[in-house]
Amino acid sequence: MASLGCPYTCEFCIDAAVPYQPLDTGPIKEDLRFLLKKFRRPIVAWHDPNFGVRFDATLSAIEEAVPPGSIHFIAESSLSVLSEPHLRRLERNGFRAMVPGIESWYDLGNKSHTGNLRGMDKVKRVAEHVNLILRHIPYVQANFVLGLDSDSGEEPFELTKRFLDRTPGAFPGYSLLTAFGQAAPLNREYQRDGRVLPFPFHFLNNNQAMNVRPRHYGWREFYDHVIDLTRYSFSWRSLLRRFRVNRGVVPRWMNLLRSVSSEGFGRLRYYRGIRRRLDTDRHFAAYFEQETTQLHPFYVDLVRKDLGPLWAWLPPGALDHDPTAWLESPRSALPAPASRTGPAARRPGLAPGTLRPSTQPVLQ
Ligand code: SF4
């Protein structure tokens with residue numbers, strides 16, 4: 001890590017509330033020199049939330065420590081950092097994979113260097129930028145958050161498809177909007193509005209469960225759009241185009257393997273299963289609609305399967321937590337909602353399930 005926190009303030013992000021703090025470059029240089037003594041061509045992944053904010057200082061430290069290209073680097077950075085002169089310098093110094101966050105076509109223009117551009121105008125500008133990155137860095141994953149409050153209707157999903165058409169070489173990384181306890185400022189508002197579902201922490205990995213009810217979509221409509229976009233992103237047509245335009249053996253095969261494994265095809269299968277259950281299973285749909293907090297056996301079985309022999313040691317209550325715990329804590333400054341349990345408690349005749357006292361929130 002070369003830094004902690006981030007100077008940007010994307011409200012959904014767990015790093016938005018952490019002040020940006022560059023770390024001392026001395027130990028970074030020592031570590032890189034040490035690695036080069038131990039391995040012939042090490043691969044180093046920078047774990048900064050936003051790598052290269054102090055670009056010159058960080059790159060100068062790398063250049064002083066090791067010969068250009070002797071280490072292969074991977075980093076996550078915002079588009080605003082990735083100007084062409086910066087990309088040339090990154091390329092020279094062995095950066096092989098870059099993960100820029102695009103997140104939304106309507107919001108967060110500062111970090112993507114698109115100012116007030118929105119919608120299709122932003123798609124065009126960002127696509128040009130990502131293609132520029134691909135000319136210097138062979139592997140690019142473009143990250144998006146699905147279900148942000150600024151999204152409504154099919155347009156955001158269609159815009160992402162147009163982006164994919166224009167940047168066939170980039171691998172799309174989708175995250176379902178997720179509230180991680182007290183980690184992001186926006187989570188308190190979701191809690192105040194009664195929109196946080198008590199999915200166990202086990203599923204809060206941005207994909208297996210979305211624990212924030214979307215503002216502008218019903219669950220069925222939302223999952224229809226997610227499925228459609230995932231299918232488009234990992235169709236054989238998209239895969240072949242990606243394979244053809246990617247440079248180098250590793251980027252080509254890595255993208256292909258990620259697409260046909262659990263990340264592409266597997267996720268599509270999983271989302272289709274969720275969508276089907278929303279139509280066919282009353283208990284399943286009721287949990288999503290916050291009419292009950294009783295976790296569906298489908299999810300309990302998934303945890304049991306994932307934990308294997310460790311399941312026996314899972315303490316009672318470990319799958320329950322209070323999704324409004326932050327709001328009720330003395331640290332919360334927002335007014336509490338009318339009901340502690342949200343819609344579940346306001347609908348007569350429906351089982352509210354179990355809400356346990358707060359457990360330790362999981363940070364991403
Ligand atoms: S999403 Fe990226 S740019 Fe925005 S606050 Fe988080 S780390 Fe910074």
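## Close-up views of the predicted model

**View 1. Five strands form an open sheet in the order E3-E4-E5-E6-E7, with parallel pairing.** Strand E3 (43-45) and strand E7 (171-176) sit at the edges with a single partner strand each, so one side of each is left without a neighbour in the sheet. Going from one strand to the next, the twist averages 15°. Keep in mind that this is a predicted model.

**View 2. Here is the whole protein chain, for orientation before we zoom in further.** What does its secondary structure come to? The tally is 14 helices and seven strands. The chain has 364 residues, and 35% of them count as buried. Take the contacts with a separation of 6 or more: residues 24 or more positions apart account for 73% of these.

**View 3. Strand E5 comes into focus, covering residues 95-103.** Is E5 largely enclosed by the rest of the structure or left open? It is largely enclosed, because seven of its nine residues are buried. Strand E4 (residues 72-77) runs parallel to E5, and five bridges join the two. Look for Phe73, which stands opposite Phe95 in E5.

**View 4. Strand E5 also pairs with strand E6, which spans residues 139-146.** How many bridges join these two strands? There are four, and E5 and E6 run parallel. To pick out one spot along the pairing, find Ala97: its bridge partner in E6 is Tyr139.

**View 5. Helix H3 (residues 84-92) packs with helix H4 (residues 119-136).** Their axes lie 9 Å apart, at an angle of about 25°. An angle under 35 degrees counts as roughly parallel, and H3 and H4 are therefore roughly parallel to each other. H3 passes H4 in a right-handed crossing. On the H3 side, the contact is made by Glu84, Leu87, Arg88, Leu90 and Glu91, while H4 brings in Leu132, Ile133 and His136. Sort the residues of this contact by type and you get four nonpolar, one polar and three charged.

**View 6. Helix H8 (residues 236-245) meets helix H9 (residues 249-260).** Two packed helices are described by the angle between their axes and the distance between the axes. For H8 and H9 the angle is about 165° and the axes are 8 Å apart. Which way do they run, then, roughly parallel or roughly antiparallel? That angle makes H8 roughly antiparallel to H9. The crossing of this pair is right-handed. Leu239, Arg242 and Phe243 of H8 make the contact with Arg252, Asn255, Leu256 and Ser259 of H9. By type, the residues of the contact divide into three nonpolar, two polar and two charged.

**View 7. Helix H9 also packs with helix H10, which covers residues 262-280.** The angle between H9 and H10 is about 15°, and their axes are 3 Å apart. That makes H9 roughly parallel to H10. Which residues make the contact? From H9 they are Arg258, Ser259 and Val260, and from H10 they are Glu263, Gly264 and Phe265. The residues of this contact split into two nonpolar, two polar and two charged. If Ser259 rings a bell, that is because the contact of H8 with H9 includes Ser259 of H9.

How values were computed:
Residues are numbered from 1 along each chain as its sequence is written. This is a predicted model: local features need pLDDT of at least 70, side-chain atom pairs count only at pLDDT 80 or more; totals for chains, interfaces and linings use all residues. A residue is buried if 20 or more other C-beta atoms lie within 10 Å of its own, exposed if 12 or fewer, and partly exposed in between; C-beta atoms are placed from the backbone. Two residues are in contact if their C-beta atoms, placed from the backbone, lie within 7 Å. Two strands pair if DSSP finds at least two bridges between them. Axes are lines fitted to C-alpha atoms, for helices over the stretch in contact, and angles run from 0 to 180 degrees between N-to-C directions. Angles under 35 degrees count as roughly parallel, over 145 as roughly antiparallel, 65 to 115 as roughly perpendicular and the rest as oblique. A crossing is left-handed if the near helix is turned anticlockwise from the far one by less than a right angle, and right-handed if clockwise. Ala, Val, Leu, Ile, Met, Phe, Trp, Tyr, Cys and Pro count as nonpolar, Asp, Glu, Lys and Arg as charged, and the others, Gly among them, as polar.
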